[in-house]
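Biologist: Please show me the model, and then we can take some points in turn.

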Amino acid sequence: MVIDDKILVWRFNRGSKDALRRIYEKYKDDLLGLAITLLRDRSLAEDVVHDVFVSFAGATGTFRLSGTLKGYLSTCVANGARDRNRLKSGSNVGLEAAEAVDFDCDGPLEGAARCEEAQRLDNLLARLPYEQREVIVLHLHQEMRFREVAQALGVSINTAQSRYRYGMDKLRSIFNNTVTQ
Amino acid sequence: MKSTENMEQFVRDAKPHVTTGESMDRRVLSDSFAAMDERLAAVRPGPPTKILASRIMRFAAAAVIIIAMVGLLIVYKCPRQQVANQKVLKIAKSPAEMLTAWSLMTAYRHGGIEALDNQCDKAFEMSGQQRDTLNMKELLAEIEIDLERTEL
């Protein structure tokens, strides 16, 4: 997987459009999902993914990959989403402002159940401050280590871990409240 | 009540599955390709980069450098005079051949009067004879005798 990415990056650096297309095809859904979870707005999320790939394409020939490609692209999307979120008024989406995001729910039964879970999680995450949501999503959905998350967000590992802990505590308490209600 | 571990598992499992639309794919790829073309046009490689980019050209460049270095070494290690003298000595194997007009002229052209002198010394050395030392007066007298003979 990692070797595959290294080969793709090597070809991409030599100006291969096919390599760029493959990279896009490989990570587009994952990155769009990340952007949607962070921004809770599909059109904004699409813009972020678009900008990330255009800027990535502009680095051909000089791009150097230090970690994983998925981690790098996820970091770019997270940074782009943070910038958009700052621009958006009322960045920390409250309960009132939280709108349901449409997820793709294919398949009759299993798909519907998964979709319901995703909607539920989306509603829960919407109540968290943006910084906590960001750390939780990067760590649990994008499978990034705290060290990578901290590096991506420009904070210390301790800060990233404490944001995660507070976020998870809050998420659990909101979840339990909604269940008991 | 959900524990922390359960909550983590719930968040992992409930990861939303989204797919990009066809229009988005088209937009992203066309803009990305345009950005890529722009970048490639901006960093179009110069001749040195082009040479280094091709493996064959790299070998050829390395060979040229090595040949040039060997040539320089030969020139500096063996100055022109020595090369010329050696050349004449190699061609002319006997003392008689070494003292022909052609051999002496070649030596003179390559190394001047010193090379000519060296070649004569070498020829005498090979024949086992000692070159007579002439002073200037004797030399001039010999030339005069020769001139008188030719006039007669």
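Biologist: What span should helix 6 of chain A have at 1.5 Å a residue, and how far apart are its end C-alpha atoms?
Modeller: This is a predicted model, in which local features need pLDDT of at least 70, side-chain atom pairs count only at pLDDT 80 or more, and totals for chains, interfaces and linings use all residues. Residues are numbered from 1 along each chain as its sequence is written, with chains lettered from A and ligands numbered from 1 in the order in which they are written. Helices (H or I, at least four residues) and strands (E, at least two) are DSSP runs, numbered from the N terminus, and the expected span of a helix is 1.5 Å times one less than its number of residues. For the 12 residues of helix 6 of chain A that gives 16 Å, which agrees with end C-alpha atoms 15 Å apart.

Biologist: How many residues of helix 6 of chain A are buried?
Modeller: A residue is buried if 20 or more other C-beta atoms, placed from the backbone, lie within 10 Å of its own, exposed if 12 or fewer, and partly exposed in between. Among the buried residues of this helix are A:Val135, A:Ile136, A:Val137 and A:Leu138. Helix 6 of chain A is mostly covered, the buried number being 10 of its 12 residues.

Biologist: Is helix 6 of chain A parallel or antiparallel to helix 2 of chain A?
Modeller: Axes are lines fitted to C-alpha atoms, for helices over the stretch in contact, and angles run from 0 to 180 degrees between N-to-C directions. Angles under 35 degrees count as roughly parallel, over 145 as roughly antiparallel, 65 to 115 as roughly perpendicular and the rest as oblique. The axes of helix 2 (residues 17-39) of chain A and helix 6 of chain A come within 10 Å and cross at roughly 155°. The two helices are therefore roughly antiparallel.

Biologist: Which residues of helix 6 of chain A make the contact with helix 2 of chain A?
Modeller: Two residues are in contact if their C-beta atoms, placed from the backbone, lie within 7 Å. Helix 2 of chain A brings A:Leu34, A:Thr37 and A:Leu38. From helix 6 of chain A come A:Arg133, A:Glu134, A:Val137 and A:His141.

Biologist: Why is helix 6 of chain A called oblique to helix 7 of chain A?
Modeller: Helix 6 (residues 130-141) of chain A and helix 7 (residues 146-153) of chain A pack with their axes 10 Å apart, at an angle of about 135°. That angle makes helix 6 of chain A, relative to helix 7 of chain A, oblique.

Biologist: How many helices does chain B have?
Modeller: From the N terminus on, its elements run α-α-α-α-α-α-α-α. Strands number zero in chain B, and helices eight.

Biologist: Of the residues of helix 4 of chain B, what number is buried?
Modeller: Helix 4 (residues 55-77) of chain B has 23 residues and reaches 33 Å from its first C-alpha to its last, close to the 33 Å expected. In chain B as a whole, 12% of the 152 residues count as buried. Helix 4 of chain B lies largely in the open, because its buried number is zero.

Biologist: Which helix of chain B gives the most to the side that touches chain A?
Modeller: The contact takes 36 residues from chain A and 27 residues from chain B. Helix 1 (4-13) and helix 2 (22-42) of chain B each supply at least two residues of chain B's side. With 11 residues, the one that gives the most is helix 2 of chain B.
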